[in-house]
Amino acid sequence: MKELSLHILDVVQNSIAAGSKLIKINIIEDLDADKFTIEITDDGCGMDKDYADKIKDPFTTGRKSRRVGLGIPLLYAAGKRCEGDLEITSEKGKGTKVTVWMKRSHIDRAPLGDMAETIKTLIVCNPDVDFNYKHILNKKEFNFETKEIKRILGDVPINEMDVLSWIEGYIKEGLKSLMEV
Ligand SMILES: Nc1ncnc2c1ncn2[C@@H]1O[C@H](COP(=O)(O)OP(=O)(O)O)[C@@H](O)[C@H]1O
Ligand SMILES: [Mg+2]
């Protein structure tokens with residue numbers, strides 16, 4: 001995949017399919033350690049340890065219609081390619097955490113892509129699910145939480161056009177000032 005944000009979109013779909021109500025996306029860029037980390041944590045149905053160990057292998061999938069599940073294996077490959085790895089911790093009935101990390105400056109590391117667009121897309125398709133997006137760059141931090149936005153909005157739906165464009169702009173601006181040195 002060309003951009004990491006597309007991997008994120010894909011892996012978050014697993015959390016949604018698992019019935020999650022709150023999905024946390026953390027992106028941690030550590031310039032000193034030259035490390036780029038993505039953590040996706042959900043409160044969905046979770047899975048057995050045996051199964052969680054197996055899903056990095058593309059021939060494991062819960063789907064009946066298709067034998068090959070590729071969301072996790074593709075992200076795993078993206079990590080491996082860049083001197084990193086992928087780890088899954090999960091507990092049945094509690095939730096799942098997928099962590100992938102890579103060498104930030106690695107020539108093969110895909111660019112992050114458009115996270116404002118990604119978060120907007122997730123909200124449009126899943127207005128009842130809550131998303132936390134935290135982006136850390138060295139010691140600076142950007143935080144976005146749909147719960148907070150919904151509280152402010154009151155009766156106004158979060159997936160209304162005006163609200164969505166505001167959210168997109170807010171995230172874009174937040175990331176821009178995070179990247180400024
Ligand atoms: N967050 C999650 N919660 C529960 N089960 C998960 C989660 N992520 C992945 N899985 C399980 O692992 C399988 C493989 O996921 P994935 O590689 O994305 O392929 P696919 O989604 O196409 O099946 C899923 O079908 C599902 O059974
Ligand atoms: Mg999937």
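The sheet in this predicted model is open and built from six strands, arranged in the order 3-4-2-1-5-6 with mixed pairing. Strand 3 (85–91) and strand 6 (140–145) stand at its edges, and because each has a single partner strand, one side of each is left without a neighbour in the sheet. If you look along the sheet, neighbouring strands are turned against each other by 10° on average, direction ignored.

Let's start at one of those edges. Strand 3 runs antiparallel to strand 4 (residues 95–103), and seven bridges join the two. As a landmark in this pair, you can pick out glutamate 87, which stands opposite threonine 99 in strand 4. As background, strands of a sheet pair through backbone hydrogen bonds, either parallel or antiparallel.

Now for the helix that packs on the sheet at strands 5 and 6. Helix 6 (residues 161–179) touches strand 5 (130–137) as well as strand 6, and the direction of helix 6 makes about 170° with that of strand 6.

Helix 6 also has a helical partner. Helix 4 (residues 115–125) packs with helix 6 at an angle of about 150°, their axes 8 Å apart. Angles over 145 degrees count as roughly antiparallel, so helix 4 and helix 6 are described that way. Their crossing is right-handed. On the helix 4 side, the contact is made by Met115, Ala116, Glu117, Ile119, Lys120, Ile123 and Val124, while helix 6 contributes Leu164, Ile167, Glu168, Ile171, Lys172 and Leu175. By class, nine of these residues are nonpolar, four are charged and none is polar.

Two of the helix 4 residues in that contact, Ile119 and Ile123, lead us back to the sheet, for both are touched by phenylalanine 131. This phenylalanine is found in strand 5. Leaving aside residues up to four places away in sequence, phenylalanine 131 also touches Ile23, Ile25, Leu122 and Thr146. Phenylalanine 131 counts as buried because 21 other C-beta atoms lie within 10 Å, where the cut-off is 20 or more.

Another helix pair is worth a visit. Helix 1 (residues 4–17) and helix 3 (residues 71–81) pack at about 140°, with 9 Å between their axes, and are therefore oblique to each other. The crossing here is left-handed. His7, Asp10, Val11, Gln13 and Asn14 of helix 1 meet Gly71, Ile72, Leu74, Leu75 and Ala78 of helix 3. This contact comprises five nonpolar, four polar and one charged residues.

Methods:
Residues are numbered from 1 along each chain as its sequence is written. Chains are lettered from A and ligands numbered from 1 in the order in which they are written. This is a predicted model: local features need pLDDT of at least 70, side-chain atom pairs count only at pLDDT 80 or more; totals for chains, interfaces and linings use all residues. Two strands pair if DSSP finds at least two bridges between them. Axes are lines fitted to C-alpha atoms, for helices over the stretch in contact, and angles run from 0 to 180 degrees between N-to-C directions. Two residues are in contact if their C-beta atoms, placed from the backbone, lie within 7 Å. Angles under 35 degrees count as roughly parallel, over 145 as roughly antiparallel, 65 to 115 as roughly perpendicular and the rest as oblique. A crossing is left-handed if the near helix is turned anticlockwise from the far one by less than a right angle, and right-handed if clockwise. Ala, Val, Leu, Ile, Met, Phe, Trp, Tyr, Cys and Pro count as nonpolar, Asp, Glu, Lys and Arg as charged, and the others, Gly among them, as polar. A residue is buried if 20 or more other C-beta atoms lie within 10 Å of its own, exposed if 12 or fewer, and partly exposed in between; C-beta atoms are placed from the backbone.
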